[in-house]
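Hi everyone, thanks for coming. Let me walk you through a structure that is new to most of you, so please bring it up on your screens.

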Amino acid sequence: MKKKKTLLIPLLLIPILLLTTLILLPEEPEPFTSPLYFTFVIHTEEDINKYGVEKENNMDYDGDEELLLHATMTMRELAEIAQNHGVKINFGTDWTFANGVELYDPTFFTDLESMGHEIDAHAHESHILYSEVREDIISAGGTPTQIASGLTEDEIYEKMEYFDTYYPDFTTLWGVSLAGHELGEVIAGNVWRPSREDWTQHDKNGDYIYIGHGEYANSINYIENAINNRKENQINTYAVFTNPRHFKASKASTIDDKWTAKESSYEYYETRLEWWDNFFTELDTYVESGKVEYVTLTEISEIFIEQENQLIFTDEEIPRSEEALTSLNEQEGYKL
Ligand SMILES: [Zn+2]
């Protein structure tokens, strides 16, 4: 009997030793290349600043019912076109659009959500803060995501501190940019946890996830580049971008002339909708071949968390644009 017991102890030690070696060995992640995770981002912007000064380029969503209904009509149609292709929209609403929805079109947010799209709070360069916009979305019937949409680079550290007080309402940051999308803007097409000392660097203990938007042009050429430049063991991302103000109503309507266009114009909403439909048709072939995957920003952050242990973060400098967003798009045939 005694002999048996002494044999059992060394036998038990073998699996324990094996397990410890496995845990202690530095883990080399298996190399893999993610598809290009593609999202369609839409932003609305407030038409008035904190001093009550009007911002000429933006629609009066919460003061002009006809205009709000034109905007939601075009955005519903765009959301349906996207849905038909499987494309997911992250609709970043500002406070004026959310208030307009609540006043004049209270099913807009839920309609988009039922198509598989997401509603994000968006408040860069605004005196109405992210948390208030989140509340406005809820009052207007929507369910806001945990995405903070459209931060600017000069406010990111301050905003991370601000989001700390509302944690976990905002866990993911999208589209850190320069005001006005000038050249020199960050165009990283990957995902990391921004360090509080240098947000461009990964901190494995960081509280927030940053999703880069990639080169950012509404262009198949640029998407193809992004596909070819995908990096191993990173979450590769790309977003295209639009705004309801780019979808003008007919001259025959009674809408404020500023927001109308001739039906022959590229700005006319039906022409724009057709452009997006054709664009997604071209893009669908890349989805079929597995190079592109249509996802929401929430899905990207879930994929990131799931694969975090397999990812490699370099301390390379982040890439920056050599063109402003508007001129880049124009060169690529998407006139604004
Ligand atoms: Zn914006």
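**Around helix H5**

The buried residues of H5 pack against three strands and two helices, namely E2 (89-93), E3 (118-122) and E4 (144-149), together with H3 (95-104) and H4 (108-114). Please keep in mind that this is a predicted model.

Which residues of H5 are buried? Within this helix, which covers residues 130-139, they are Tyr130, Val133, Arg134, Asp136 and Ile137. If you look down the axis of H5, these buried residues fall within an arc of 160°, so they line one face of the helix. Once H5 has ended, glycine 141 follows with a positive phi of about 95°.

Now for some backbone geometry. Most peptide bonds are trans, and most residues other than glycine have a negative phi. Where do we find a cis bond? Go to the peptide bond that runs from tyrosine 167 to proline 168, where omega is near 5°. Proline 168 sits in the loop that connects helix H6 (156-166) with strand E5 (172-174).

Next, two non-glycine residues with positive phi. Histidine 181 has a phi near 50°, and its place is the loop between E5 and strand E6 (191-192). Is histidine 181 buried, exposed or partly exposed? It has 19 other C-beta atoms within 10 Å, and being buried takes 20 or more, so histidine 181 counts as partly exposed.

Asparagine 233 has a phi near 55°. You will find asparagine 233 in the loop between helix H7 (220-228) and strand E8 (237-242). With 16 other C-beta atoms within 10 Å, asparagine 233 is partly exposed.

Thanks for listening!

Key
Residues are numbered from 1 along each chain as its sequence is written. This is a predicted model: local features need pLDDT of at least 70, side-chain atom pairs count only at pLDDT 80 or more; totals for chains, interfaces and linings use all residues. A residue is buried if 20 or more other C-beta atoms lie within 10 Å of its own, exposed if 12 or fewer, and partly exposed in between; C-beta atoms are placed from the backbone. Helices (H or I, at least four residues) and strands (E, at least two) are DSSP runs, numbered from the N terminus. The arc is that of the directions from the helix axis to the C-beta atoms. Two residues are in contact if their C-beta atoms, placed from the backbone, lie within 7 Å.
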